Amino acid sequence: MPVKIGTIDLGAFPLLLAPMEDVSDPPFRYVCKQNGADLMYTEFISSEGLIRDAAKSLQKLDIFEYERPIGIQIFGSNIESMREATVIATKAGPDLIDINYGCPVKNVACRGAGASLLQDIDRMVAMTKAVVESTHLPVTVKTRLGWDDNTKNVFEVAERLQDVGIKALTIHGRTRAQMYKGSADWSMIRDIKRNPFIEIPIFGNGDVDSVEKAANWRMEYEVDGIMIGRAAIGYPWIFREIKHFFATGEHLAGPTIAERIENCLTHLQKSIEWKGEKTGIFEMRRHYSNYFKGLHDFKEFRMRLVTSDSQNTIIEILEEVKEKYETEMA
Ligand SMILES: Cc1cc2nc3c(=O)[nH]c(=O)nc-3n(C[C@H](O)[C@H](O)[C@H](O)COP(=O)(O)O)c2cc1C
């Protein structure tokens, strides 16, 4: 059975790329899409920023045809601002609008946005209703289990947000108090899936970092799809590997050195196209060690890659990487 968000058909058991600030920008999304992500989201965008025309927020609205289906994720504490931001985000032409009720970071949560809405479900419901009423697009929500161990209220949240019209819910199996510590617990996600009143797709999120885990948790927690964040950073192949396993029951071999380099170059190229040469090269620096994780003695190459300001030099260094490791691993 295909999973649907409104009329958007995601196929059977979709894999979603998580929204990640400073990571899931268009260049990164490009390589994830190439490797099989079924649904992607922008980084979270401040509703106040959008309303005030803040350049950084507006730039995050950039989406491209090949990315579809794609959701724009917004957050905020003021219901009227969220209403206005929804109208602005809708004009950017995404396939859906996602609301962030999961961000645990102090300057978001303590200003009454993100996960802090988990402390006031009535307000969360009112905000969600306002967003749903402000767009013709499907609205989805991403949240956590609750604020802390004493208030794991996502079961109620799921029912009430479905009632006001959301079309899918992604749950990160941690509380706000946990931040990113400890391990994700998906058992409440299964409770929600088993709730006979819940009809919308429920996606599980948190700690999926291997084909085995995706396969086991799919069975164990009965989710409609999985959202992957950190494990895709420097390893966008995780999407195709999981999909291959589901389709064939067999493990796909990991990427060759040549593929890693090709992918890294594409990411760099897209970064430069979208951000300009200087910023594109600078912001790509955080990705090199992830793309080449596990290669022995890579440190010297990494140092050269992160100190180079020229695209041509970076290409040359990557050629050297290819020569060194291709022959060693052949
Ligand atoms: C660097 C980083 C930035 C993130 N930014 C966002 C964000 O903008 N919006 C959001 O809903 N979640 C954000 N998250 C949370 C992720 O979407 C995801 O819920 C979390 O990383 C758990 O999934 P994972 O274990 O697959 O990484 C961020 C996480 C990381 C590591």
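Colleague: How many residues of each class are in the shell around the ligand?

Modeller: In this predicted model, the shell holds nine nonpolar, seven polar and five charged residues. Altogether 21 residues surround the ligand, and the closest are Ala18, Met20, Phe44, Gly229 and Arg230. Gly counts as polar and Arg as charged, so Gly229 and Arg230 fall outside the nonpolar class. Ala, Met and Phe count as nonpolar, and therefore Ala18, Met20 and Phe44 are in that class.

Colleague: Why is Phe13 called partly exposed?

Modeller: Phe13 has 18 other C-beta atoms within 10 Å. A buried residue needs 20 or more and an exposed one has 12 or fewer, so 18 puts Phe13 in between. Phe13 sits in the loop between strand E2 (8–9) and strand E3 (15–17).

Colleague: What is phi for Phe13?

Modeller: Phi is positive, about 45°, although Phe13 is not a glycine. Most residues other than glycine have a negative phi. Glu222 also has a positive phi, near 60°, and is not a glycine either.

Colleague: Where does Glu222 lie, and what makes it partly exposed?

Modeller: Glu222 is in the loop between helix H9 (211–221) and strand E10 (225–228). It has 16 C-beta neighbours inside 10 Å. That count lies between 12 and 20, so Glu222 is partly exposed.

Colleague: And Arg52: what is the reason for the class it gets?

Modeller: Arg52 has 11 C-beta neighbours inside 10 Å. The limit for an exposed residue is 12 or fewer, so Arg52 counts as exposed. Arg52 is in the loop between helix H2 (47–51) and H3. Its C-alpha atom is separated by 44 Å from that of Ala215, 163 residues apart along the chain.

Colleague: Which peptide bond is cis?

Modeller: The one from Arg68 to Pro69, where omega is near -5°. Pro69 belongs to the loop between helix H3 (55–59) and strand E5 (70–75). Most peptide bonds are trans.

Colleague: What makes strand E8 mostly covered?

Modeller: Five of the five residues of E8 (residues 168–172) are buried. Ala168, Thr170 and His172 point one way, Leu169 and Ile171 the other way, and all are buried.

Colleague: How do you know that E8 pairs with E7 and with E9?

Modeller: Two strands pair if there are at least two bridges between them; five bridges join E7 (residues 139–144) to E8, so these two pair. Four bridges join E8 to strand E9 (residues 202–205), so that pair also qualifies. E7 and E8 run parallel, as do E8 and E9. Lys142 has Thr170 in E8 as its bridge partner, and His172 stands opposite Asn205 in E9.

Colleague: Which helices form β-α-β units with E8?

Modeller: Helix H7 (residues 154–163) does so with E7 and E8, and helix H8 (residues 187–194) with E8 and E9. The unit with H7 is right-handed, and so is the unit with H8.

Colleague: How many residues does the largest nonpolar core have, and which have the most contacts inside it?

Modeller: The core has 73 residues, and those with the most contacts are Leu16, Leu17, Ile74, Leu169, Ile226 and Ile228. Strand E4 (residues 39–46) gives the most to this core, with five residues. A second, separate core has 14 residues, including Cys264, Tyr291, Ile314 and Leu318.

Colleague: What is Ile228 in contact with, beyond its neighbours within four places in sequence?

Modeller: Leu15, Leu17, Ala18, Val208 and Ile238.

Definitions and conventions
Residues numbered from 1 in each chain as written. Predicted model: local features only at pLDDT ≥ 70, side-chain atom pairs only at ≥ 80, totals over all residues. Near = placed C-beta within 6 Å. Core = buried A, V, L, I, M, F, W, Y, C linked by C-beta atoms within 7 Å. Contact = placed C-beta atoms within 7 Å. Right-handed = clockwise from strand over helix to strand, strands pointing away.
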